[in-house]
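I opened this notebook to record what I looked up in the model, step by step. The entries below follow the order in which I took up each topic.

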Amino acid sequence: MESKKHNENIIKQFSKQAVGYSSITSHSDALDKLVQISGITKEDTVLDIACGTGIVSCEFAKHAHFVTGIDITEEMLDHARKSQQKENLQNVSWETGDVTDLPYPDNHFSLVISRFGFHHFLDPLQVLSEMTRVCKSNGLIMVVDVSVPDDKINKYNEMEKLRDYSHVSTISKAGFASIFEKTGLKHPETDDYVMQITLNEQLQASFPTNPDELKNMILQDIGVDNLGINARWFGEEVMLNYPIHIFSARK
């Protein structure tokens, strides 16, 4: 019952966010880094978990044999199809589905990736286990998400739940290392980058329950950084600096 209600919240939230999310240019800034880390080739078949508007899927399709994107929100996939058509990509398909129970056979994809999805999962270990199950032997599993230090997680989650009520929790680096190990993916490689976005850009792309409360929380954190996003004035704009971590391991 909790899972069903949560999925409904995700669909409701991201149906509204689809247009704004796809227009945020900072989401695509680090794609070259992900492609490089993955070592993707024209032989690879890729699965993009919680693919959203298809930013990662479309980029990886330029380097892969074929890419499948799966997401629970049909409106997000509608925008993914438009991106695919705009870029004239023939080697991508989209499926609506729940990533906790992937509709694919074992050992099916050579690369399984998820970007910015794990903080929405009620059971991230289950999702990572499914990603591992459908990945071929010696294939690569990659997870990319915001990851703040343990002592900032509570405040960060408070902020994110104001911004997006489908948010569950960010996961620390130690937390990610733990679920990788529990899935049998020991000693994952790690990397990181900073995703910069202005406060106004973030607010315009979101549908917070209380916009003023969210904005004030971030403004009051400038120079303090209890939230873990290093909010700073940049000219007349407030710049948010989200710490993004990349975890990758061979099956």
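In which helix is the place of V35? I was working on a predicted model, and I found V35 in helix α2, which covers residues 31–38.

**Entry on V35 and F60.** I looked up the exposure of V35 and noted that V35 is buried, with a relative accessible area of 13%. When I set aside the neighbours within four places in sequence, the contacts of V35 were I40, E59, F60 and H63. I then took the separation of V35 from F60, which is 25 residues in sequence and 6.8 Å in space, counted from C-alpha to C-alpha. From the side of F60, again without residues up to four places away in sequence, I listed L34, V35, S38, I40, V67, L111 and I113 as the residues that F60 touches.

**Entry on the cores.** I next asked which residues of the largest nonpolar core touch the most other members. That core has 47 residues, and the answer is F60, M159, Y193, I218, L240, Y242 and I244. There is also a second, separate core of 25 residues, and I noted I49, I70, V99 and I141 among its members. As background I wrote down that nonpolar side chains tend to be buried together in soluble globular proteins.

**Entry on the whole chain.** I counted nine helices and eight strands in the secondary structure of the chain. The chain has 251 residues, of which 56% count as buried. The exposed area of the chain is about 11,600 Å², and carbon and sulfur atoms supply 48% of that area. For contacts between residues at least 6 apart in sequence, I found that 75% join residues at least 24 apart.

**Entry on T68.** I went on to T68, which lies in strand β2, residues 66–71, and which is buried, with a relative accessible area of 7%. Leaving aside neighbours within four places in sequence, I recorded contacts of T68 with V46, L47, D48, S93, E95, Y104 and F109. Two of these contacts, Y104 and F109, led me to the aromatic rings.

**Entry on the aromatic rings.** How many aromatic pairs does the structure hold? I found six aromatic pairs. Y104 and F109 form one that is edge-to-face, with 5.2 Å from centre to centre and 90 degrees between the planes. I checked the exposure of both partners: Y104 is buried, with a relative accessible area of 9%, and F109 is buried as well, with a relative accessible area of 4%. In the pair of F118 and F176 the ring centres are 6.0 Å apart and the planes stand at 55 degrees, so I entered this pair as tilted. F118 lies in the loop between β4 (109–115) and α5 (124–133), while F176 lies in helix α7 (residues 173–182), so the pair ties together parts that are 58 residues apart in sequence. F118 is buried at a relative accessible area of 1%, and F176 is buried at 0%. I also noted one aromatic cluster that is formed by F118, F121, F176, F180 and F247.

**Entry on α7.** Since F176 lies in α7, I asked which residues of α7 are buried. They are F176, I179 and F180. Seen down the axis of α7, these buried residues fall within an arc of 105 degrees, so they line one face of the helix. I kept beside this the general point that an α-helix has 3.6 residues a turn, so residues three or four places apart point the same way. The buried residues of α7 pack against α5, β5 (135–146) and β8 (237–250). On the face of α7 turned away from its buried side I found the exposed residues A174, E181 and K182. After α7 comes G184, whose phi is positive, near 90 degrees.

**Entry on the cysteines.** My last look-up was for disulfides, and the count came to zero. For C51, the nearest cysteine sulfur is that of C58, 8.9 Å away, and C51 is in no disulfide. For C58, the closest cysteine sulfur is in C51, and the 8.9 Å between them is too far for a bond. I noted that C51 is buried, with a relative accessible area of 7%, and that C58 is buried, with a relative accessible area of 1%.

Notes. Residues numbered from 1 in each chain as written. Predicted model: local features only at pLDDT ≥ 70, side-chain atom pairs only at ≥ 80, totals over all residues. Heavy atoms only, no water. Phe/Tyr/Trp six-rings, centres within 6.5 Å; stacked < 30°, edge-to-face > 60°. Buried < 20%, exposed > 50% of the residue type's maximum accessible area, 1.4 Å probe, protein only. Helix = DSSP H or I, 4+ residues; strand = E, 2+ residues; numbered from the N terminus. Contact = heavy atoms within 4.5 Å. Areas by Shrake-Rupley, 256 points an atom, 1.4 Å probe, with all protein chains shown as cover. Disulfide = S-S within 2.5 Å. Core = buried A, V, L, I, M, F, W, Y, C linked by side-chain atoms within 4.5 Å. Arc of directions from axis to C-beta.
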